[in-house]
Amino acid sequence: MSQTSLSQDEAKRRAAARAVEFVRPGMKLGLGTGSTAAMFVDLLGRQVRDGLDIVGVPTSERTRAQAAELGIPLSSLDETPELDLTVDGADEFDSRLRLIKGGGGALLREKIVAAASARMIVIADSSKEVAILGRFPLPVEVDRFGLESTRRHVERAVADGGMTGAVTLRKAPGGHAFVTDGGHCILDCALGAIVDPEGLAARLVAIPGVVEHGLFLGLATTVIIAAASGLRIISAPT
Ligand code: 5RP
């Protein structure tokens, strides 16, 4: 395959394959959600079939079903509260390994699992790399109670941070509100550029109806980026 003809799927698969090399026997692994993470889970399943001894904690019901189908031994954070490594995708990342996640609606469990892990490896194709986060609409998971009040609070938090952009309720394909595994809704914030992600994160968590937001700050330790020119790995300073 020539350098220019690497498809996005092939790039994702290469990043996933590189992440598998970080897995060691006996590890307790967080299993991410999304198309890139699914490729990692698929490759991990093959290794388990060949005798690799690991246990996985899925970040969504979708990933749980996939991993169970592949015969990957599964656990929960109640049984296994501390994990060695989580491998997950991202919707965006910057050079400081700050992420936007939640495009697949799994951000709450993804963040809980990442926070329970000693390391978080993000796998992505190069289209996810940005100079400034915010091109991808920021998902914010909110309780269904008081939804419109919470949406207005989120709008104000965005405005207080000097940003403008629509804050809209995510819809499922049938037209009804998208509901997360935790039974919540998602507000997507089309901000364009988030110059101060830490400031916005602080404003969002202060809103009572906000369950969690898709800014992952200080959680990723490594990003594996696949492009037509090859793989690139960036790591947080230790
Ligand atoms: C799900 C996520 C995903 O990791 C993110 O949306 C990336 O997905 P994909 O690998 O399909 O591009 O955060 O909540």
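## Domains and pockets in a predicted model

The domain assignment splits the protein chain into domain 1 (3-130 + 218-229) and domain 2 (138-213); the bounds come from an automatic or database assignment. This is a predicted model, where local features need pLDDT of at least 70 and side-chain atom pairs pLDDT 80 or more, while totals for chains, interfaces and linings use all residues. Numbering runs from 1 along each chain as its sequence is written, and side-chain values use heavy atoms, without hydrogens and water.

User: How many residues does domain 2 bring to the contact with domain 1?

Analyst: The centres of the two domains, over C-alpha atoms, are 24 Å apart. Contact means heavy atoms within 4.5 Å. Domain 1 puts in 14 residues, and domain 2 puts in 16.

User: Which three residues supply 42% of the area that domain 1 buries against domain 2?

Analyst: Buried area is the accessible area (1.4 Å probe) that two parts lose on being put together, summed over both. Between them the domains bury about 1,100 Å², with 58% of it on carbon and sulfur atoms. On the domain 1 side, no other three residues supply more than Leu-107, Leu-108 and Lys-111.

User: Which residue forms a salt bridge with Lys-111?

Analyst: A salt bridge needs a side-chain nitrogen of Lys or Arg within 4 Å of a carboxyl oxygen of Asp or Glu. The rule finds two across the interface of domain 1 and domain 2. For Lys-111, the closest N and O atoms are 2.9 Å apart, and the partner is Glu-212.

User: Which helix gives the most to the lining of the largest pocket?

Analyst: On a 1 Å grid over the protein atoms alone, a pocket is an open set of points where a 1.4 Å probe fits, with protein on both sides within 12 Å along at least five of seven lines; lining residues have an atom within 4 Å of a point. The largest pocket holds about 200 Å³ of space. Its lining has 18 residues, and those closest to the centre are Thr-33, Gly-34, Ser-35, Ala-90 and Asp-91. Three lining residues come from residues 35-49, helix α2.

User: Which element gives the most to the lining of the second largest pocket?

Analyst: About 170 Å³ of space lies in this pocket. Its lining includes Val-57, Pro-58, Arg-109, Ile-112 and Val-113. Two elements give two or more residues: β2 (55-58) and α4 (107-115). With three residues, the top contributor is α4.

Technical notes
Points joined across faces, edges and corners; volume = space filled by probe spheres on them. Helix = DSSP H or I, 4+ residues; strand = E, 2+ residues; numbered from the N terminus.
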